[in-house]
Amino acid sequence: MIPLVSIIIPVYGVERYIEKCIRSVLEQTYSNLEVVIVNDATKDSSINIIERIILESPYYKNRNVRIIQHPSNRGLSVARQTGIDASTGKYIIHVDSDDYIESVMVEKLVDAAELDDADMAICGAFYDYRTTTHTFLPAVCRNKQVYLKDLITQKVSTNIWGRLIKRSLYVDNDIRCLEGINYGEDYAIIPKLVYYSHKIVSVNVPLYHYVRYNVGSYTSSFNIRNIENAFTVYNSLFSFFEKKDLVAEELDIARLQIKAWAIGKLLFFSDDSKMKNKYIMEAEYIPKLNKHLSLYHHIILWLCNKKWITLLDVYVFIVNHLYNVLKKYLHRL
C-alpha cells in the first residue's frame, strides 16, 4: 500500500487565496492523503469557502479532510504544530494557505523519497508575482554536512514548504515549532530536521507555487517584532547545535547576518533612535567572517565598526530606496 501523506494547511485571513490552495491539494494525483486544516481563529470567510469546496463534489467529499479549530489566534508556528500533532501520515507536507501546488507534487515527491529510502524530498518552486513568475530549482544535497552549513548561512532555501518530510523526524527527535514566532519560523526547524535526516533527495522541477503578492502575509511587510523573532530563532538554533561541533563558524556567520539585517531594517523603517543606537553599538565586525556576508551587510557592519553613523544612515536609505523603486521592474522580467 502506498504511504499516507499528511498535508498541513494553517488558515488565517486568506479568503482571497484559499480556494485555489484547497483545490490544488484536493486535486492531487496521489490518492492516499489526509488533509489537516488548522483554523487559527480566522475572522474572514476562509473556512466557509473550504467547507463549500469540500461539499460541492463527491470526489472532494471522499477525501480525508479534517478541520481543527483554534479557539483564539495563536500564530503560524503553533498552527503548524497543531497540524503536525494531529497528523498520522508517514510523511508531512506543509502548504501555506495563500499558496498552491501542482497536481503531481505529492506523487513525484513520494516516488523520489520511496525510491531512495529518503527522509526528505525537496522540489523546486514557482515564485508568483502579480505580473510574472520566476522559477527556482532546489538545492541538491550530495553531502549532508555541506548542505547543513549552507542552510545555517542561508545560502540555500530554508523554506519548510516544497518539502516532503518524514513525520518521524519530528516525533522521534522532539522537534517542535517555536510558539509565538511568525517570522523566520522555517529557519528554526529545517536545519534540525536535516541534522536527523539520513538521506535527502531533490526533484529537479518546480511543483510549489509561492504567492508573492499577498500583502497580508507574514513575510510581506516589516515590523519591529520581526527582529525579535529572528534572534529568538537564531538562539534556538545556537542552543541546538552549540555542542554538536558541526556548524560553529556558520552559526557565527549567521549571527552577523542577522545583526546586519536588523540594523538595516531599523535604520530604514524605525523611528526608535534608542533601539537603533543599541544595535549599532553592539554590532560586530569580524573580517575573516564578514567576507562571507553579502556586500550590503558587510558594508553595514564595517560602517558600524567605524562609527560613521551619518554615512551608515545615508547608505541604508539609498540602497533600500533603490530596491523599492527597482523591485517592481525586476519582478516583471
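Let's start with charge, everyone. In this predicted model, the protein chain carries 40 positive and 37 negative charges, and their mean positions lie 4 Å apart.

Now the overall build. The chain has 14 helices and nine strands. Its radius of gyration is 21 Å, close to the 20 Å that the globule rule gives for 333 residues, so the chain is as compact as a globular protein of that length. If you follow the C-alpha trace along its principal axes, it spans about 65 × 40 × 40 Å.

What about inside and outside? Of the 333 residues, 52% are buried. The chain exposes about 16,100 Å², and carbon and sulfur atoms supply 52% of that area.

Here is some background: in soluble globular proteins, nonpolar side chains tend to be buried together. So let's look at the cores. The largest nonpolar core has 60 residues, and those with the most contacts inside it are Y170, L193, I263 and L312. Which helix gives this core its largest share? That is helix α10, residues 248–269, with 11 residues. Take I263 as an example: beyond its neighbours within four places in sequence, I263 touches Y279, I280, A283, I300, L301, C304 and L312. There is also a second, separate core of 43 residues, with A118, C123, W161 and L207 among them.

Last stop, V146. You'll find V146 in helix α6, which covers residues 144–152. Is V146 buried or partly exposed? V146 counts as partly exposed, because its relative accessibility is 46%. V146 and V247 are 101 residues apart in sequence, and their C-alpha atoms are 9.5 Å apart in space.

Thanks for listening!

Note on methods: Residues numbered from 1 in each chain as written. Predicted model: local features only at pLDDT ≥ 70, side-chain atom pairs only at ≥ 80, totals over all residues. Heavy atoms only, no water. Helix = DSSP H or I, 4+ residues; strand = E, 2+ residues; numbered from the N terminus. Buried < 20%, exposed > 50% of the residue type's maximum accessible area, 1.4 Å probe, protein only. Core = buried A, V, L, I, M, F, W, Y, C linked by side-chain atoms within 4.5 Å. Contact = heavy atoms within 4.5 Å. Rg over C-alpha atoms; globule rule 2.2 N^0.38 Å. Areas by Shrake-Rupley, 256 points an atom, 1.4 Å probe, with all protein chains shown as cover. Lys, Arg positive; Asp, Glu negative; His and termini not counted. Charge placed at Lys NZ, Arg CZ, Asp CG, Glu CD.
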